[in-house]
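User: I am new to this structure and would like a friendly tour, one step at a time. Please show it first.

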Amino acid sequence: MRAYETMFIIDPHLDESVRKETIDKVKEFISQNGGTVKKVDDWGIRELAYEIKKRNEGHYVVIEFETENNQLALKLRDYFRFEPNILRSIVVREDE
Amino acid sequence: MARKKCRLDKQGIKKIDWKDVEFLSQFITPRGKIMSRRQTGLCAYHQRQLARAIKRARIMALLPFVKDYYL
């Protein structure tokens, strides 16, 4: 079992309900691909250190998860790439 | 003169959290650069962890790649 964490930034101009939905979709994606969500940390909207896609703020979310599936991290990165509501994302191993 | 011991060793910090912006900002210059070993006084292990943490934080726009400042 390996521990991972992912952080992503959602477009803050979207409605709160849409942003919530985006988070739920990510959680669903993780559990559908053999992962267990351990912790969801919603940072809310905070200022970006530099502009991303014409936005100066972003809604930050951190999700910690565990999985046996070593393809999940790669899949998740692909998932983020095709999710237009997400400005930026990162998936990293948490152990060691 | 003996070299100062690594601060983080003394404090017993093993893992540097790349999400802790306040902590990381102690180790960047006003220009936004990563400070050198000489400036930070960290051991090799922690300096490597620190560099990685700052780079991750930069990717996620938690820290700037370059900070504008005026003379």
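Analyst: Let's begin with a term: two strands count as paired if DSSP finds at least two bridges between them. Keep in mind that this is a predicted model. As an example of residues facing each other across such a pairing, Tyr4(A) of chain A stands opposite a residue of strand E3(A), namely Phe65(A).

User: How many bridges join strand E1 of chain A to E3(A), and in which sense do they pair?

Analyst: Strand E1 covers residues 2-10 of chain A. One bridge partnership links Phe8(A) with Val61(A) in E3(A). In total, E1 and E3(A) are joined by 9 bridges, and the sense of the pairing is antiparallel.

User: Which residue stands opposite Val61(A) on the E2 side, and how many bridges join E2 of chain A to E3(A)?

Analyst: Strand E2 spans residues 35-52 of chain A and runs antiparallel to E3(A). The residue opposite Val61(A) in E3(A) is Asp42(A). The number of bridges between E2 and E3(A) is 12.

User: In the hairpin of E2(A) and E3(A), which residue takes a positive phi?

Analyst: The hairpin has 2 residues between its strands. A positive phi near 45° turns up there, and the residue that takes it is Lys53(A).

User: Is strand E3 of chain A mostly covered or mostly open, and how many of its residues are buried?

Analyst: E3 runs from residue 55 to residue 67 of chain A and is mostly covered. Buried here means under 20% relative accessible area. Of the 13 residues in E3, the number that count as buried is 10.

User: Why is E1(A) described as largely enclosed by the rest of the structure?

Analyst: The description rests on a count of buried residues in E1(A). E1(A) is largely enclosed because, of its 9 residues, the number buried is 7.

User: Is Thr6(A) buried or exposed?

Analyst: Thr6(A) is found in strand E1 of chain A. Residues far from it in sequence touch it, among them Val61(A), Phe65(A), Leu76(A) and Phe80(A). Its relative accessibility is 0%, so Thr6(A) counts as buried.

User: Which residue's backbone oxygen does the side chain of Thr6(A) reach, and which residue is the bridge partner of Thr6(A) in E4(A)?

Analyst: Strand E4, residues 86-93 of chain A, pairs with E1(A) in the antiparallel sense over 7 bridges. The side chain of Thr6(A) comes to 2.8 Å from the backbone oxygen of Ile90(A). In E4(A), the bridge partner of Thr6(A) is Val91(A).

User: Where is Ala73(A) found, and how far is Ala73(A) from Met1(A) in space?

Analyst: Ala73(A) belongs to helix H2, residues 72-81 of chain A. At 8% relative accessibility, Ala73(A) counts as buried, and its contacts beyond four places in sequence are Tyr4(A) and Val91(A). Ala73(A) and Met1(A) lie 72 residues apart in sequence, while from C-alpha to C-alpha they are separated by 13 Å.

User: Moving on to chain B, what pattern does chain B follow along the sequence?

Analyst: The secondary structure of chain B holds 4 helices and 0 strands. Its C-alpha atoms fill a box of roughly 35 × 30 × 15 Å along the principal axes, and buried residues account for 41% of its 71 residues. Read along the sequence, the pattern is α-α-α-α.

User: What area do chain B and chain A bury between them?

Analyst: The contact involves 13 residues of chain B and 19 residues of chain A. Lys19(B), Met60(B) and Ala61(B) supply 43% of the area that chain B buries against chain A, more than any other three residues. Carbon and sulfur atoms carry 66% of the area buried between the chains, which comes to about 1,300 Å².

User: Which side chains meet in a salt bridge across the two chains?

Analyst: Across the interface of chain B and chain A, the rule finds 1 salt bridge. The distance, N to O, is 3.0 Å, and the side chains are those of Glu5(A) and Lys19(B).

User: Which helix gives the largest share of the side of chain B that touches chain A?

Analyst: Between chain B and chain A, 9 residue pairs are in polar contact. The residues on the chain B side comprise 9 nonpolar, no polar and 4 charged. The largest share of that side, 3 residues, comes from residues 44-59 of chain B, which form helix H4.

How values were computed. Residues are numbered from 1 along each chain as its sequence is written. Chains are lettered from A and ligands numbered from 1 in the order in which they are written. This is a predicted model: local features need pLDDT of at least 70, side-chain atom pairs count only at pLDDT 80 or more; totals for chains, interfaces and linings use all residues. Side-chain values use heavy atoms; hydrogens and water are left out. Contact means heavy atoms within 4.5 Å. Buried area is the accessible area (1.4 Å probe) that two parts lose on being put together, summed over both. A salt bridge is a side-chain nitrogen of Lys or Arg within 4 Å of a carboxyl oxygen of Asp or Glu. A polar contact is a pair of N or O atoms within 3.5 Å; within protein, one must be able to donate a hydrogen and the other to accept it, and residues adjacent in sequence count only if both atoms are side-chain atoms. Ala, Val, Leu, Ile, Met, Phe, Trp, Tyr, Cys and Pro count as nonpolar, Asp, Glu, Lys and Arg as charged, and the others, Gly among them, as polar. Buried means under 20% relative accessible area, exposed over 50%, partly exposed in between (1.4 Å probe, protein chains only).
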